[in-house]
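Subject: A structure for you to explore

Hello,

Here is the structure I promised to pass on to you. Please open it beside this message and follow along as you read.

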Amino acid sequence: MTTQRITDDLDRLLERLPDDVREALQPLERREQLLEVVLDLGRVPEARYPGRALALGEACLTKEDLQAMVARLGRFGADNRAGIERTLHRISAIRNRQGEVVGLTCRVGRAVYGTVGMVRDLLDSAQSLLLMGRPGVGKTTALREIARVLADDLQRRVVVIDTSNEIAGDGDIPHPAIGRARRMQVTRPEHQHQVMIEAVENHMPEVIVIDEIGTELEAQAARTIAERGVMLVATAHGNALANLIKNPTLSDLVGGIQSVTLGDDEARRRRSQKTVLERAAEPTFPVAVEMHSRHRWSVHTDVAATVDQLLRGQQPRVQMRELASDGSLRLVDVREENRPHRRPALAAVPMPNPELRSVPGPLMASDASEVDTGPVATEDLQVICCGITSRLVDEASRRHRWPVRVVEDLAEADVVLSIRQGLGRQPSLRRQARDLRVPILVIKSDSLPQVERALDRLLLRRDVLQEPEAVTPPGGQDDELAGLEECRLAVEQVVMPEGRPVELLPRSERVRRMQADLVSRYRLRSDVFGQADHCRLRVFPP
């Protein structure tokens, strides 16, 4: 449950506005959700709200009105911004060629306590986090609350780089909204990258918080800080990760892109042009959030994988998080939400991650949702660990609130989660799992990220099987389509790009012949393994 509390010190901003404007904003309904007040010389003042604007009176502003308000404000900086001491409000000036103020934008600053609930679990990982979104969506508000939670709740050493005093307010004493986090002010916007490096060198922070990374120097400074092991939390110009990739100035934040010329064989294997775009390096920010509104965010938990998929023209998997009116958090898989129709289960949930691909043997990773197409229980996913620390499964379950439980008895298990060496040490477990038709999922290593990815895929595939239309009977046209789609995914996502063999699910002889014909079209070799009902096709790399 996430509850929000809002403080805005709105009266301190209103008392500096011209008298007519202040009077027009006295009704409570005109104060709620107020974003900014726009004052332009010779025009009627305007109040702006989400999705609409409201004229304040009928009289146009005079030069004397603007001058009187400027006199009531603090000094404007080099970025033409001023503030009100110990508040979060921001006043930005428009000047004419002579340097005189001819317009003011008075942005209402609010401290919203509770917004961090949308990404609270991401802060525990200590991975750098990038926030993106259109202006006014609440990036700085979220940044402020994240800084407070990291400093107060998680007891981290946090330094806020406050270029325009928008995060911690105007004046020398920071606003209470950032908690115990320290604040470093920046004399001129173009010096922000220098202050970022200075903070790391002089003040030993564990976390650096930055608003509006917008230049190449700042992007380079962010990479330098990340390489020193300091967690970064920042916002950047851009509505989505796809926009950031195309921005030559800021693309380095997500790994950058480079043009690569492939050899003839590689291009044929990928079925692509010889010149392709690829990610140049590891992202500075492993985790990114796209803020669509104050209550609806998209989370990319693996920025590197998302960038790779976007560059290959594939649809990345994104987790949508919505804050309901009762304060509860709802998680939605965007790829599932946007799919126009259901296909067979293997086609519906491809498993592109190499850690979860099929491995030779009687039970493979791809079997995790396909071995038994009978009714699937809606209770916890019961996992038995083989060579994997059960504590990691428990930790992943708690962190993501997944319905997963570790069991000791194979008869109770829905799946066996194992590292490759684990099966070799316990051959009896493998035989019993085969007899009981319990799928085995093999991952690379006994680490939390590997376990999280495995459980995420297992839960998603189980949910698909719970829908009647996703279950296909043996034989018939649906089984043929499922077999061909399984074969295509195995070839295009594992065999060709990774150069590793894949063993497909047991199918009828007719379906196996169709699969073998499809494999030959890719100029690959295949063979049949198993007996009776367990006959299956194995596809070999070139």
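Below is what I found in it, going from the whole chain down to single residues.

Please keep in mind that this is a predicted model.

**The whole chain**

The chain has 542 residues, and 50% of them are buried. Its secondary structure comprises 19 helices and 26 strands. Taking the contacts with a separation of 6 or more, 62% are between residues 24 or more positions apart. The surface that the chain exposes comes to about 25900 Å², with carbon and sulfur atoms supplying 46% of that area.

**A sheet of six strands**

A good place to start is the open sheet made by 6 strands, which are arranged in the order 4-3-2-7-6-5 with antiparallel pairing. At its edges you will find strand 4 (52-55) and strand 5, each of which pairs on one side only. On average, neighbouring strands of this sheet are turned by 25° against each other, direction ignored.

Now look at strand 2 (residues 36-40) and strand 7 (residues 101-107), an antiparallel pair with 5 bridges. One residue to pick out is Glu36, whose bridge partner in strand 7 is Arg107. Helix 4 packs on the sheet and touches both strand 2 and strand 7, its direction making about 55° with that of strand 7.

**Ala78, in a loop**

Between helix 4 (63-71) and strand 5 (81-83) there is a loop, and Ala78 lies in it. Is Ala78 buried, partly exposed or exposed? Its relative accessibility is 46%, so Ala78 counts as partly exposed. Setting aside neighbours within four places in sequence, Ala78 is in contact with Arg188 and Pro189. Arg188 is 110 residues away from Ala78 along the chain, yet their C-alpha atoms are separated by 6.1 Å.

**Ser397, in a helix**

For another single residue, go to helix 14 (residues 390-400), where Ser397 lies. Ser397 counts as buried because its relative accessibility is 11%, and the cut-off for buried is under 20%. Not counting residues up to four places away in sequence, Ser397 touches Trp402 and Val404.

**A sheet of three strands and its helix**

Further along the chain, 3 strands form an open sheet in the order 24-26-25, again with antiparallel pairing. Strand 24 (502-503) and strand 25 (525-529) are the edge strands, each pairing on one side only. Strand 25 and strand 26 (residues 536-540) run antiparallel and are joined by 5 bridges. Within this pair, Phe529 stands opposite Arg536 in strand 26.

Helix 19 (residues 509-521) lies across strand 25 and strand 26, and runs at about 10° to strand 26. From its first C-alpha to its last, this helix of 13 residues reaches 19 Å, close to the 18 Å expected at 1.5 Å a residue.

Which residues of helix 19 are buried? They are Val511, Arg512, Gln515, Leu518 and Val519. Seen down the axis of helix 19, these buried residues fall within an arc of 120°, so they line one face of the helix. On the face turned away from that buried side, helix 19 carries the exposed residues Glu509 and Arg521. After the helix comes Arg523, which has a positive phi, near 60°.

Have fun turning the model around and finding these places for yourself!

Best wishes

Technical notes
Residues numbered from 1 in each chain as written. Predicted model: local features only at pLDDT ≥ 70, side-chain atom pairs only at ≥ 80, totals over all residues. Heavy atoms only, no water. Helix = DSSP H or I, 4+ residues; strand = E, 2+ residues; numbered from the N terminus. Buried < 20%, exposed > 50% of the residue type's maximum accessible area, 1.4 Å probe, protein only. Contact = heavy atoms within 4.5 Å. Pairing = 2+ DSSP bridges. Axes fitted to C-alpha atoms, helices over the stretch in contact; angles between N-to-C directions. Areas by Shrake-Rupley, 256 points an atom, 1.4 Å probe, with all protein chains shown as cover. Expected span 1.5 Å × (residues − 1). Arc of directions from axis to C-beta.
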